[in-house]
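Trainee: I would like to learn how to read a protein model, one feature at a time. Where do we begin?

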Amino acid sequence: MNSKIIESLNWRYATKKFDSSKKLSAEKLSILKQTFNLTATSYGLQPLKMLVISNEEVKKKLVPFSFNQPQVKDASHVLVLCIDNKLTAKFIQEHFKRVENLQETDRSILEPFEKFLINNFETKSAADIKLWMINQLYLILGALLTVCAAEEIDSCPMEGFQPEKYDELLKLEGKNLQSVLVLPVGYRAEDDMFATLKKVRRGVD
């Protein structure tokens with residue numbers, strides 16, 4: 001099979017050692033930001049944010065809260081994928097205002113669906129809404145990993161960190177956010193032994 005995207009997916013791996021001297025260009029970083037913004041989410045609501053951290057001191061401070069994984073310090077940038085603390089009726093209304101303005105859709109067409117979503121989320125528990133938002137982030141993580149591979153950007157998806165400590169250090173509560181996933185991105189070190197290991201998968205058959 002001669003497919004560039006399959007080649008790219010074979011090339012990618014969870015990078016364990018980054019070359020701290022190599023940094024993503026503004027263009028590459030913009031591609032990742034646009035990927036986050038353009039990836040599908042349920043109802044298109046996007047109750048999510050992505051923090052892009054490049055400050056070296058902040059990255060060092062995050063290492064102890066990442067079970068001392070050096071990727072957080074050595075990567076070019078650390079992407080922190082977050083959910084909103086609350087999904088309010090106002091948030092949903094603002095979404096439909098964007099739809100109305102950008103797609104020039106008549107208000108009478110949008111209003112029934114807007115009311116349905118507001119009522120629907122009002123009947124859900126906070127725990128159910130949080131789980132739903134987290135699921136949206138995993139969709140985005142998959143897209144980011146694929147785009148990183150296509151752009152030859154190395155990455156290492158991480159669930160192994162202390163969200164409460166990240167939230168405290170990054171002052172996320174004041175931004176109405178909670179951290180869920182961490183994605184260091186950059187370029188692999190030449191001596192990362194994991195880069196040369198064969199990929200282990202169950203196969204398509």
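Mentor: We will go from the overall build to a helix pair, a buried serine and then the salt bridges. Keep in mind that this is a predicted model.

Trainee: Which helices and strands make up the secondary structure of the protein, and how many are there?

Mentor: An inventory is a plain way to start. The protein has eight helices and four strands. Along the sequence they follow the pattern α-α-β-α-α-β-α-α-α-β-α-β.

Trainee: What box do the C-alpha atoms fill?

Mentor: Taken along the principal axes, the box is roughly 60 × 45 × 35 Å. Of the 205 residues, 41% count as buried. Contacts give another view of the fold: among those between residues at least 6 apart in sequence, 80% join residues at least 24 apart.

Trainee: Now a pair of helices. At what angle do H2 and H7 pack?

Mentor: For a helix pair, read the angle, the distance between the axes and the handedness. Helix H2 covers residues 26–38 and helix H7 covers residues 126–150; they pack at an angle of about 150°, with axes 9 Å apart. The crossing of H2 past H7 is right-handed.

Trainee: Which residues make that contact?

Mentor: From H2 come Ile31, Leu32, Thr35 and Phe36, while H7 supplies Leu137, Ile140, Ala143, Leu144, Val147 and Cys148. Sorted by kind, the residues of this contact are nine nonpolar, one polar and no charged.

Trainee: Next, a single residue. Where is the place of Ser66?

Mentor: For one residue, ask for its place, its accessibility and its partners. Ser66 sits in the loop between helix H3 (56–62) and helix H4 (71–74).

Trainee: Is Ser66 buried or exposed?

Mentor: The relative accessible area of Ser66 is 0%, so Ser66 counts as buried, the cut-off being under 20%.

Trainee: What does Ser66 touch?

Mentor: Leaving out residues up to four places away in sequence, Ser66 touches Val72, Met158, Gly160, Phe161 and Tyr166. With Tyr166 there is also a polar contact, side chain to side chain, at 2.6 Å.

Trainee: On to charged pairs. How many salt bridges does the structure hold?

Mentor: There are nine. For each one, read the N to O distance, the separation in sequence and the accessibility of both partners. Take Lys17 and Asp191, whose side chains meet in a salt bridge at 2.7 Å, N to O. This pair links distant parts of the chain, 174 residues apart: Lys17 is in the loop between helix H1 (4–11) and H2, and Asp191 is in the segment after strand S4 (177–186).

Trainee: How accessible are Lys17 and Asp191?

Mentor: Lys17 has 38% relative accessibility and is partly exposed. Asp191 has 51%, so it counts as exposed, the cut-off being over 50%.

Trainee: Which salt bridge lies within helix H6?

Mentor: Lys115 and Glu111 form one, at 3.5 Å from N to O. Both lie in H6 (residues 107–122), four residues apart, which is about one turn of the helix. Lys115 is partly exposed at 48% relative accessibility, and Glu111 is partly exposed at 31%. Other salt bridges share partners, and in this way Lys23, Glu56 and Lys59 are joined into one network.

Trainee: How far apart are Glu56 and Lys59 within that network?

Mentor: Their closest N and O atoms are 3.3 Å apart. The two residues are both in helix H3, three residues apart, about one turn of the helix. Glu56 is partly exposed, with a relative accessible area of 34%.

Trainee: And why is Lys59 classed as buried?

Mentor: Lys59 is buried because its relative accessible area is 0%, and buried means under 20%.

Trainee: What lies around the side chain of Lys59?

Mentor: A polar atom of the Lys59 side chain lies 2.5 Å from the backbone oxygen of Ala75. For the backbone oxygen of Ser76, the distance to a polar atom of that side chain is 3.4 Å. Not counting residues up to four places away in sequence, Lys59 touches Lys23, Ile53, Ser54, Val72, Lys73, Ala75, Ser76 and Val78.

Terms used. Residues numbered from 1 in each chain as written. Predicted model: local features only at pLDDT ≥ 70, side-chain atom pairs only at ≥ 80, totals over all residues. Heavy atoms only, no water. Axes fitted to C-alpha atoms, helices over the stretch in contact; angles between N-to-C directions. Left-handed = near helix turned anticlockwise from the far one by under 90°. Contact = heavy atoms within 4.5 Å. Nonpolar A, V, L, I, M, F, W, Y, C, P; charged D, E, K, R; others polar. Buried < 20%, exposed > 50% of the residue type's maximum accessible area, 1.4 Å probe, protein only. Polar contact = N/O pair within 3.5 Å; in protein donor to acceptor, adjacent residues only side chain to side chain. Salt bridge = Lys/Arg side-chain N within 4 Å of Asp/Glu carboxyl O.
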